[in-house]
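Student: Please take me through one part of this model in detail, and then place that part in the rest of the protein.

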Amino acid sequence: MFSSSFQPFLILLFLFSPLISSSDTNITIPITLLNTIPYSDQFQKLTFLASTSVARAHHLKNPQNSSLSTTPIFPYSGAYSISLRFGTPPQSMPLIIDTGSSFSWFPCTKKYVCRNCSVSSTQSHFIPSFIPKQSFSVKILGCMNQKCGWVHNSFDPESRCQDCKFRKENCTQICPPYIILYGLGSTGGIALVETLNLPNKKISNFLVGCSLFSSNQPAGVAGFGRGIYSLPSQLGLKKFSYCLVSHKFDNTPKSRMLVMDTESKSDQKTKNFSYTPMLKNPVQPGIIAFSEYYYIGLRRITIGGKKVKVPYKYLSPDSNGNGGTIVDSGSTFTYMNQAVFDLVTNTFVEQLKGYERARNVESLTGSMPCFDISRHKTVAMPELKLHFKGGAEMALPLENYFISVNDNEVVVTCLAIVTSKMLPGQEITGGPSIILGNFLMQNFHVEYDLGNERFGFRQDSCK
């Protein structure tokens, strides 16, 4: 949902300056795991991670009909961030890397307000904000600019630029403000074009959102989806990759590198990587977000060597765009449609009859199934393996699909996969059936080979 008249946004005045560029093909930036969860109790942490993962799935599956992917970002639930420098002179902004959306934005101006965030609205000045008046290269996006059409999914200037109907050549109307609704939060502001300062490279006229207010969204977003205004598209990336450091949820600083490549070497594959093709969703008219997701062909799931009989309709998008599997860096736990989730959990329960179900923890956290492993000196869990189109297989370590919590002498382990019934009132229909979250891929090096339209991975030590 967007608003075309946002008077407070018009008070910003901007200056202009020449822009320079470089020709380096590889760009390397640290990528860091954010673990600031607003709870110290382990059971509350588990409840928080499960509920936010389900809420995000709800909006990935049911995006509003707009060009901006209306998917919730939970920066403090185990997402990954990078620091990008915008402006002249550069200002450093921490942004959540999100492959489930394409629009990039940051908190903006000294008057930025963030309600219901990790700090009170009166303490919003503690959130790093971009200050436009301190940059000589920033410009407000004009309404007639093609990039304004990207923001509002409107490629007819007359439909969005009412003041330009009779003076198209010298029209000074700015691009209408954006408002992104996330269900659990929102953000709004005006679109800018600004210099993005990367290591040894400067990108001029980069489209980015200057958000003046947010709710439940304390950090900005770097949109790495497949949209035309995403960061990879604007930089002309042929591929990008990163190694996902493990989730400890203990706020220990740790990072690896995000590598962005602007020059692909034909069909050359990275050593020891397994690859599966990226797929297209036969998207319904108006559901732009579905075309921006990274779909891959999950063909089979095995647990302890036993095939889970998942109906094909859940594994491949149908003519209405429903079904299939996507990879989403912004989701923590993996999501599965209720029917797929039931098949998977029933298989686990059947193979784990030697462990007592922790029903009280299931009721408390909403996660299931959970098992009490306190009395067991050793724990043996069946292996979860994902089989993809083209023969690629992902054999997952136990810590990638089970999460353990303890209270005094009681130790419980729960399946780190969620479904809709874990969040009452969130009816989830349509969209992808399976959303592979970042918890599932910790200690995996993943590669988005955009030039060859394939997704690659290998197990690694990303500590």
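Tutor:

**The β27-β28 hairpin and its surroundings**

Strand β13 (residues 274-279) and strand β28 (residues 454-459) are joined by four bridges and run antiparallel. The model is a predicted one. Within this pair, S274 of β13 has F457 of β28 as its bridge partner. Strand β28 also pairs with β27 (residues 444-449), again in the antiparallel sense, over six bridges. There, Y448 is bridged to F455 of β28. In general, strands of a sheet pair through backbone hydrogen bonds, either parallel or antiparallel.

β27 and β28 form a hairpin, with four residues between the two strands. In the turn, E453 has a positive phi of about 50 degrees.

D449 deserves a separate look. D449 belongs to strand β27. Its relative accessibility is 0%, so D449 counts as buried. The side chain of D449 has two polar partners to note. One is the backbone nitrogen of G451, reached at 3.4 Å. Another is the side chain of N452, with a polar contact of 3.1 Å. D449 also has a neighbour that is remote in sequence: K239 is 210 residues away along the chain, yet the C-alpha atoms of D449 and K239 are 4.3 Å apart.

That pair can be set beside a figure for the whole protein. Among contacts with a separation of 6 or more, 74% are between residues 24 or more positions apart. The protein has eight helices and 28 strands. Of its 463 residues, 57% are buried. Its accessible surface comes to about 19,400 Å², and carbon and sulfur atoms account for 51% of that area.

Next, the nonpolar cores. The largest nonpolar core has 77 residues, and the members that touch the most other members are F86, F106, L235, M260, I301 and L386. Strand β9 (residues 201-215) gives the most to this core, with five residues. Leaving aside residues up to four places away in sequence, F106 touches F86, M93, L95, F130, L192, V208, G209, C210, S211 and G220. Apart from the largest core lies another core, of 27 residues, including V361, C370, V405 and F439. In soluble globular proteins, nonpolar side chains tend to be buried together.

L386, named above as a member of the largest core, leads to another sheet. L386 has M394 of β22 as its bridge partner. Strand β21 (residues 384-388) and β22 are joined by four bridges and run antiparallel. These two strands belong to an open sheet of four, in the order β16-β15-β21-β22, with antiparallel pairing. β16 (306-308) and β22 (393-396) are at the edges of this sheet; each has a single partner strand, so one side of each is left without a neighbour in the sheet. From one strand to the next, the twist averages 25 degrees. Helix α7 (residues 338-351) lies across β15 (298-303), β16 and β21, and runs at about 155 degrees to β16.

Notes: Residues are numbered from 1 along each chain as its sequence is written. This is a predicted model: local features need pLDDT of at least 70, side-chain atom pairs count only at pLDDT 80 or more; totals for chains, interfaces and linings use all residues. Side-chain values use heavy atoms; hydrogens and water are left out. Two strands pair if DSSP finds at least two bridges between them. Axes are lines fitted to C-alpha atoms, for helices over the stretch in contact, and angles run from 0 to 180 degrees between N-to-C directions. Contact means heavy atoms within 4.5 Å. Buried means under 20% relative accessible area, exposed over 50%, partly exposed in between (1.4 Å probe, protein chains only). Accessible areas come from the Shrake-Rupley method with a 1.4 Å probe; for residues, only the protein chains shown count as cover. A nonpolar core is a set of buried Ala, Val, Leu, Ile, Met, Phe, Trp, Tyr and Cys residues joined through side-chain atoms within 4.5 Å. A polar contact is a pair of N or O atoms within 3.5 Å; within protein, one must be able to donate a hydrogen and the other to accept it, and residues adjacent in sequence count only if both atoms are side-chain atoms.
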